[in-house]
Amino acid sequence: MTTINREVTPPGDLPENPKRLHNDLHEIWGNPRGLKALTIVNHTTLGLRFMITGMVFFLIGGLLAMLVRTQLALSDQDFMTPDIYNQVTTMHGTVMMFLFAIPMLEGLAIYMIPKMIGARDLVCPRLTSLGYWCYLFGGIILTFSLVLEMAPDSGWFMYTPLSSSEYSPGLGSDFWLLGITFVEISALSAGVELVVSILRTRTQGMALHKMPLFAWYILAMALMIVVGFPPLILGSILLELERAAGMPFFDVAGGGDPILWQHLFWLFGHPEVYIIFLPAAGIVSTLIPVFAGRPIVGYGWVVFAIVTTGFISFGLWVHHMFTVGIPQLAQAFFSAASMLVAVPTAIQVFVWLATLWLGKPKMKLPMLWILGFLIIFVCGGLTGVMLALVPFNWQVHDTHFVVAHMHYVLVGGMFFPLIAGLYYWLPLFSGRMPSETLGKWGFWLTFIGFNTTFLIMHWTGLLGMPRRVYSYDAGMGWDIFNLISSVGGFIMSAGIAMVLLDFALHFRFGKPAKPNPWNADGLEWANSMPPSAYNFVSLPKIETRHPLWDDPDLPRTMAEGQHSLAVATHGRRETWGTDPLTGKVREIIHLPGNSWWPLFAAMALAVVCLSLLTRLYPLAVIAVVIAGLFLLRWSWENGAHPKAAPDARVAPGDPPLHSRTMDGPGLWAMSITMLANGSFFLSYLFGWFYLWTVSPEWRMPEVSPLSLMGLLLAGGSLTVGAGILEKLISGLRQQRDAGLSLGMFSTSALGFLQVGITLWVLLSADLAVTENSHDAIIMVGLAYALFHGGLGAVLTLLQGLRVGYGYVGAHAPFEPAVVAQLWRYNVATFWIIVGALAVLPRVIGS
């Protein structure tokens, strides 16, 4: 199926023979079986893989929690040794936060978002596949440390110096640092993917103000991941460099500061609470109108609350550091910000209550879990406001009160809505209805067990029981409360087991579901149950927030091919590319098919992780090179490549393919990736200036070790190369490609020249990277510039080669514009590095 034939059966005749169209689409989009199933890039399959893998890690984390509650059930227990207890508690928090909560919600978003916005797939499907394999391999590496009894034991937040080599000399901290960094590649991949897909692939007419609320929540979550995760990635890299190479970033004697780790961790950690909460709140905002039988009250207010929550959440990180000795002015600011974030949350709660009040609620099984969420989350929010008060925070910091609050917010705020959403969308997954009986038993056991466990834990905290202690004396007065909490934990476990049993049995014994069984308004219910690999036979024009309520016949007309893109004889995977604001169609996005490259690249990165763990650095270097080659080979099959879309013809009246324009989704993906990269870079600058101004043993030499002339020459080379590239792109916009290949090779040569000069500056600086943090941070900054300069040069070199193969030119001008985004970023960050590391110290001194 490689010949294009857009002028096939007229749209009016398609209902007479829709089966041929279904068969053609299935041939293009269908998932392979056997070993080739590892190549699948379809969002439906990958979303399920994320969620199933997340549930496996959830069971592991739950088992670890029960071990903790068994140890604490009675005083003076020796069920576990102190070392094993510390490993279990650290891994429980790590697994639940990093391997369950975020991947599970991302998996649900990956599965649902294209169906909700009327797209056939996510916009970068191979990136989704890479993200899943990185998540799986990273999670396996991290949890395997438990089997080896070498798990991290410094707490899931890995505070230094407890996690440094002096106090954690084994591989436990290294498992955490490398495994979590590996897993966060997955989270960032999904974040970039979801942002671009929501902004650029909504079906025709779905303007931002008509977008489902769940998509708004996921958009905010994904942007927060893109901005919030890089600080922790930087912190993990710095701490691993300190452990493996002796660079003293967090060692006071070497000019470092352990509090820097707390800043970097909580720059990620507190936004993560809202990264977890927002998708769960999105489920609530989706389900309540359906079961209330009316549109949500205050759609605009909810969107305002979503955006406001995302912004405010990044100003709260010191909320977790009130006891470390920060200035009183900072305490007052972050205390006020911590209370302020309750306002947009309250807006959402009042909107939900008003929608229920003005509607006619139906108390179906998903609504039972929603009501449980409302009760538990409001209680958790109230204790959150209490903890925002500095004097109270001082009293209960590092006690079980904080543990109870965190579980009320995270479990109540995420787990209960998640189960509600899974019950609601189960018919879409399987075509069958869940069991009301098993589901209600599971809810009540979970609800009663949860509150028994964690409500009591507030009391033990107020009575002074510290968190992270493996045993306590009988005379402390905590015995009965801990016993009740432990009993409640096992009751909650029984409830969750009941829910999982219901999920497992319903795929075989569940009652077949009728179309749109909940009488919902969302476009996802226009799909078949279970859904096809291509979601929709044809893509409709949407002019309302409630398409199925306003046009109940829409699923039939879509299935019969009466709407757009109802042709498959060209052999391409296609979906609309639309304007991010108005939803007006701008291009046809052709998506890549199944591929081995994401799996191969993830396997190579896993070898890098294992090699660093075992200190086999030559093997790590080889694996990095192999991973890079796999990724570059992956990038080769794009645009006008024969395996992508060599035939660019479209039907009369249709817009062009995205690879034949200058504004395809890859440009947006690069922009969002650079946003994440910028967050990483700003975190690096924060660390540089923080240690410069705060560290008591910071030592800056009287004369900068860096050659300013060398850096100026390197920056000039980079800037000239970027200027040449901009001129080439300007020509492409005017359909001129004369000299394009030579221009690309010249730009690449200037990029390699910048790398060479920068490397000379680094090697000639004679930095004592293991003796003081000043030199170590300079080394990291120049290494950052070298990596990005080298990457820009290599990608530009490949563009020159692709011009020779005919894959890039005036007929397909898209790819150089994507590479130019990287060059602009490199120019900006390189000059900032020069100013911060070489110029500013010369101006203001040490």
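In which helix is isoleucine 844 placed? The residue belongs to helix α24, which covers residues 814–844. The model described here is predicted. Isoleucine 844 has a relative accessible area of 56% and is therefore exposed, the cut-off for that class being over 50%. Glycine 269 stands 575 residues from isoleucine 844 along the chain. The C-alpha atoms of these two residues are 34 Å apart.

Confidence was examined next. The protein chain has an average pLDDT of 93. A score of at least 70 is reached by 98% of the residues. Residues 1–16 have a pLDDT below 50. Beyond near neighbours in sequence, this stretch makes 37 contacts in the model. Where pLDDT is low, predicted coordinates should not be read in detail.

The structure contains 16 salt bridges. One of them joins the side chains of glutamate 587 and arginine 200, with an N to O distance of 2.6 Å. This pair links distant parts of the chain. Glutamate 587 sits in strand β4, residues 585–591. Arginine 200 sits in helix α5, residues 172–200. The two partners are 387 residues apart. Both glutamate 587 and arginine 200 are buried.

Helix α24 also takes part in a salt bridge. Arginine 802 pairs with glutamate 815, and their closest N and O atoms are 2.7 Å apart. Arginine 802 lies in helix α23 (residues 773–805) and glutamate 815 in helix α24, so the salt bridge ties together parts that are 13 residues apart in sequence. Relative accessibility is 2% for arginine 802, which is therefore buried. Glutamate 815 has a relative accessible area of 11% and is buried as well.

A further salt bridge connects the side chains of arginine 633 and glutamate 637, at 3.1 Å from N to O. Arginine 633 is partly exposed, because its relative accessibility is 31%. Glutamate 637 is buried, at 11% relative accessibility.

Salt bridges also form a network. Its members are Asp174, Glu240, Arg243 and Arg615. Arginine 615 stands out in its backbone too: phi is positive, at about 65 degrees, although the residue is not a glycine. Arginine 615 is placed in the loop between α18 (597–613) and α19 (617–636). Its relative accessibility of 31% makes arginine 615 partly exposed.

Aspartate 398 is another non-glycine residue with a positive phi, here about 60 degrees. The loop between α12 (390–396) and α13 (400–430) holds aspartate 398. This residue counts as partly exposed because its relative accessibility is 30%. Most residues other than glycine have a negative phi, and most peptide bonds are trans.

Cis peptide bonds occur before two prolines, proline 161 and proline 530. The bond from threonine 160 to proline 161 has omega near 5 degrees. Proline 161 is in the loop between α4 (125–147) and α5. The bond between methionine 529 and proline 530 has an omega of about -10 degrees. Proline 530 occupies the loop between β2 (511–512) and α16 (547–550).

Polar contacts were found at two buried loop residues, serine 313 and histidine 570. Serine 313 is in the loop between α8 (299–312) and α9 (328–340). Its relative accessibility is 0%, so serine 313 counts as buried. A polar atom of the serine 313 side chain lies 2.8 Å from the backbone oxygen of glycine 310. Neighbours within four places in sequence aside, serine 313 is in contact with Met224, His270, Pro271 and Tyr274.

Histidine 570 falls in the loop between α17 (554–559) and β3 (573–578). At 6% relative accessibility, histidine 570 is below the 20% cut-off and therefore buried. The side chains of histidine 570 and glutamate 574 make a polar contact of 3.3 Å.

On the surface, a nonpolar patch of about 400 Å² was identified. Leu74, Ile480, Leu483, Ile484 and Val487 make up this patch. Isoleucine 480, one of these residues, lies in helix α15, which covers residues 479–509.

Methods: Residues are numbered from 1 along each chain as its sequence is written. This is a predicted model: local features need pLDDT of at least 70, side-chain atom pairs count only at pLDDT 80 or more; totals for chains, interfaces and linings use all residues. Side-chain values use heavy atoms; hydrogens and water are left out. Helices (H or I, at least four residues) and strands (E, at least two) are DSSP runs, numbered from the N terminus. Buried means under 20% relative accessible area, exposed over 50%, partly exposed in between (1.4 Å probe, protein chains only). A polar contact is a pair of N or O atoms within 3.5 Å; within protein, one must be able to donate a hydrogen and the other to accept it, and residues adjacent in sequence count only if both atoms are side-chain atoms. Patches are made of residues with over 30% relative accessible area and no salt bridge: like charges are joined within 9 Å, nonpolar side chains (Val, Leu, Ile, Met, Phe, Trp, Tyr) within 5 Å. Accessible areas come from the Shrake-Rupley method with a 1.4 Å probe; for residues, only the protein chains shown count as cover. A salt bridge is a side-chain nitrogen of Lys or Arg within 4 Å of a carboxyl oxygen of Asp or Glu. pLDDT is the predictor's confidence in each residue, from 0 to 100. Contact means heavy atoms within 4.5 Å.
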